[in-house]
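Let's work through a few exercises on this structure. Grab a pencil and try each one before you read its solution.

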Amino acid sequence: MSPLPDYYTIWHKAGHYGLRIMAALVLIFLMLPILVIMPLSFNAEPFFTFTQGMLSLDPDAYSTRWYQEIVDDQKWRIAIRNSFLVGIAAASIATVLGTLAAVGLASPWMPFKRVITALLLSPMIVPLIIIAAGMFFFYTQFNLVGTFTGLIIAHAALGVPFVIITVTATLSGFDRSLFVAGLSLGASPIKVFWDVVIPLIRPGVISGGLFAFVTSFDEVVLVLFLAGPEQRTIPRQMFSGLREQINPTILAVATLLVVLSATMLFVLEALRRRSARLRGKE
Amino acid sequence: MSSLSSQDAANARRQMRRRRLQAFLFVVPLLLFILFAFVAPITTMLFRSVYNPTVAELVPETLTMLEDWDGETLPDPAVVTRMAIDMKRMAGNRTSGRFADEINRALPGMSSVIKSTARGLRRADDAELAANGAEMLLAENDRWAKPATWRAIRSAGQVYTSSYYLTAVDLEYDAEGEIIMRDTQIYKQLYTKTLKMALIITGLTMLLGYPLAFYMSQASPATANFLMVFVLLPFWTSLLVRTTAWIALLQAGGVVNSTLIWAGLINEPIELLYNEFSTILAMTHILLPFMVLPLYAVMRGIDSSFMRAAISMGSNPIGAWYKIYLPMSLPGLSAGALLVFIISVGYYITPALVGGTDGQMISNIIAFHMQVSNNWELAAALGSLLLILILVLYWLFDRFVGTDNLKLG
Amino acid sequence: MKKHLTYLATTALLASPVLAQDLTVTSFGGAYGAAQMEHMIEPYMKESGTNVLFEDYGGGVAEMKAQVEAGNILWDVVDIEVIDLERACAEGYLEVIDQSVLPEGDDGTAAADDFIEDALANECGVGNIVWSVVFAVNTENGEGPQTIEDFFDTEKFPGKRGLRKRPQVNMEWALLADGVAPEEVYEVLATPEGQAQAFAKLDTIKDEITWYDSWSQAPVLLNDGGATMVQSANGRIFAAIKDDGAPFEIVWDSHIYDLDVWAIMKGTEKKEEAMEFIKFATGTVPLSGMQDVAYGPTRASAQALLPEDVKQDLPTAHLDEGVKADGIFWADYGETLGEKFNEWLLQ
């Protein structure tokens, strides 16, 4: 903020600093819980709390045993593999179908645009418990419950809205005359799509895919209803850990997940800037 | 000036149609996928809430014979005998438990009657059963002599029923088929409580989110971008990680209690976890970015020189904010509020993990009927009501905010 | 990019060591699960070469019921309390087991004679352990309750009570604390008046109850101060005292003892492998390993392997203080009381 204007009274100033303090407190509220779990995950004791030793910075009170436990435990290894497997597969499906649809929806000639958009975005709005119950009833008839295929399809449906939103946002800055120009030069629509449209909307596609991946990676309600023991994912493993036996392994996993989200955030920010630059050039 | 011939018009129309088709074809694969993966399951759930063929499949003959029964007296001995034979068959192929569950929902207490009867008749002789089935059934338990039992079987035998919706709003059919209040009033209370909690959470996110978004919108772009990281990092962090963090903070030996004890403010740990308080707190934390992001997007576009002008002319800042700034930031506020409200009404995970018994919301009771009581039809009915509520909110959102305006990050 | 993603997904799929050929064995986790892992699962995997996915659940029949009714069988073998076994078997969630194929004890006794009587009483299960639901107190809080009446006396013994969220055992305890004679408990509980009496007694401590869902949470609650006395499977408390030196004390008054059995999920595709596992796990040596968590083995030949000093910690040394859980009662009333219990919870 710029220096305070001279006409500010004491009350204005109080308001000014009050706002600053308020904003700081809210940011602390947002960040503190995430920061607290990091040191706790290095607890040498099997508890969720800071021990005397940790507070006095005694090196013996800290240990990496819970990280070792993740590596040693078959369940966590399977869960990590499953999470990436399901996440990547679901994000791929959502990205391919979602990108195509977003291109269609961006066309000024698209019929029933409003209804179809609302329908395609609805997986984001309908409560997960309802989706889970419905999918459990419906997928059972196709023997999809307790299979990777079922879980991947379910997560792909959840990821679709994010791809549509991000790709549509990129397309809104896209100059349609490029498409028309390509066509008028005799290229097939598919070739134009591939050579002209895709490179331009790539940042949106990638960030949509990332959103879809994270959605699947973080999702637990559908997993609870649709997955069998062989499809356990990281969040599912955390969920049962929190319900049954709380120990710092969960905090170690949580810490790793925070690092992962920070990385994704960084990638997305880079993509956003790139996209803004590309659009600036047009 | 009618230089356009009918030929040209037809051409234009044809081209128009082709373009519409072309655009539509891009959407078709996803549309089919969503219809299968998402819309069909939801429809199945709606259907399930009124459709329950279990009893009709288990005892079809008894039900057919019951059609002619007057409903007031004990049914004809032939019907009772048929029931006895069915009981033996169900005991043999172990479906009596399902039958017991279904009848018990129509008439509580029948579960134990049917199960013990099934055990009693399981090894009965077929010929004897055909001859004396009625007496044998009546000898097993005197509730078989009550017309209410048979009415329950008849009503549970209906393949299409509205009774699950009645239960979902704490009503039921009485013996005469009139709609009355159920003895236990749970679900209406739970819906009210869910809405109340969602309102509190929405209010809290507004209270916390507004000043933060305002401050960020007034800060220099560099500062704002830097602060944005602190909003986006929690937003991108797994929901389970954030819930875990709150458990670590709030539990009996957790960080908050230890700090309060160390500071001498309390002597014994206070109960912060597994109640409504912890649910609201954790959900406010989890949903706060959904409020800050749309608010910030709108506020960044507001020219605050009006505000400064008003203040420099001696208007009091709060008055100026109320008259000038608030109306301009209202689109962001309403987008954030509707978003937070919609998400929190249907929330499941956080209440399930930190809610204890009094922090449970409607989603949790749906999950309970799906997973624990196995009353899938009631779960479907409760889910359908929740779905209607959400769709109304979604419609409002689309009307006042527009789904086109949904932005991420 | 997309090619790359597909490639990644395919490699992940192919590189995965196991997809769909594991045997899924479900049990209760915690210290008990650890003992089963050590003495049953791991030796079995080594011997047979079968990979076992060892799952946790919280007990009860709901999850089995959901799998069978939906036709999606996710588990193969399940460890089930006899309190739930009658119901699960009668309602068709479990396969009938041919008990004649069980191997003889290590001392050569035929299986039918080696197993204690209750262990093979139900055609759907093979006895695993004798265990008990007790309550335990944290001795750091001074003189604790010593009887079931004390447990329900919030004036004399204030503080939170940790109870498992289900009607089983809690209803029995309420009646016992209200003066019903142990041998009449199930008779009284079968009447509407008896049920009302039990709920009325539970009402007196309702505000002081911390509910939990799975046995492994019981020692945690007692440890972190979430409760001053908890209901628990005796082995969990025993393990916490023995392994972690926790300051806990087991109260045997009015304990409800029961068996756990191994059973096979109805409709599993791996019925034969499941039976192989059960034959192995209920052998003399694996069963004797359950002494680690103070659970009594169900084979005489396994009991003979236990050291004398361990026997006093087993439920079998305290049978006269307890009540035997009635599986048939719970098969008949489990559903009805479960519903009433949940309505009572929400009130």
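**Exercise 1.** How many Å separate the centres of domain 1 of chain B and domain 2 of chain B, taken over C-alpha atoms?

Solution. Keep in mind that you're looking at a predicted model. Start with the bounds: the domain assignment of chain B puts domain 1 at 55–156 and domain 2 at 187–405. Then take the centre of each one over its C-alpha atoms, and the separation comes out at 52 Å.

**Exercise 2.** Work out whether B:Ala78 is buried or exposed.

Solution. First, find the residue: B:Ala78 sits in helix H4 (residues 77–92) of chain B. Next, count its neighbours, which gives 11 other C-beta atoms within 10 Å. A residue is exposed if that count is 12 or fewer, so with 11 B:Ala78 is exposed. As an extra step, look across to B:Leu30, 48 residues apart from B:Ala78 along the chain. Their C-alpha atoms are separated by 57 Å.

**Exercise 3.** Which helix gives the most to the side of chain B that touches chain A?

Solution. Begin with the whole interface: 77 residues of chain B are in contact with 81 residues of chain A. On the chain B side, helix H1 (residues 6–48) gives the most, with 20 residues. Now sort that side by class, and you get 56 nonpolar, 16 polar and five charged residues.

**Exercise 4.** Does the radius of gyration of chain C agree or disagree with that of a compact globule?

Solution. Chain C has 347 residues, and a compact globule with that many would have a radius of gyration near 20 Å. The value for chain C is 21 Å, which agrees. For the outline, its C-alpha atoms fill a box of roughly 65 × 60 × 40 Å along the principal axes. Inside, buried residues make up 56% of the chain. Finally, take the contacts between residues at least 6 apart in sequence: 76% of them join residues at least 24 apart.

**Exercise 5.** Which elements of chain C do the buried residues of H11(C) pack against?

Solution. Chain C comes to 16 helices and 10 strands, and helix H11 covers residues 234–244. Its buried residues include C:Asn234, C:Ile237 and C:Phe238. The buried residues of H11(C) pack against helices H2 (30–48) and H10 (217–224), plus strands S4 (125–138), S7 (229–233) and S8 (248–264). Just after H11(C), C:Gly245 takes a positive phi of about 60°.

Technical notes:
Residues are numbered from 1 along each chain as its sequence is written. Chains are lettered from A and ligands numbered from 1 in the order in which they are written. This is a predicted model: local features need pLDDT of at least 70, side-chain atom pairs count only at pLDDT 80 or more; totals for chains, interfaces and linings use all residues. Helices (H or I, at least four residues) and strands (E, at least two) are DSSP runs, numbered from the N terminus. The radius of gyration is taken over C-alpha atoms; the globule rule is 2.2 Å times the number of residues to the power 0.38. A residue is buried if 20 or more other C-beta atoms lie within 10 Å of its own, exposed if 12 or fewer, and partly exposed in between; C-beta atoms are placed from the backbone. Two residues are in contact if their C-beta atoms, placed from the backbone, lie within 7 Å. Ala, Val, Leu, Ile, Met, Phe, Trp, Tyr, Cys and Pro count as nonpolar, Asp, Glu, Lys and Arg as charged, and the others, Gly among them, as polar. Domain bounds come from an automatic or database domain assignment.
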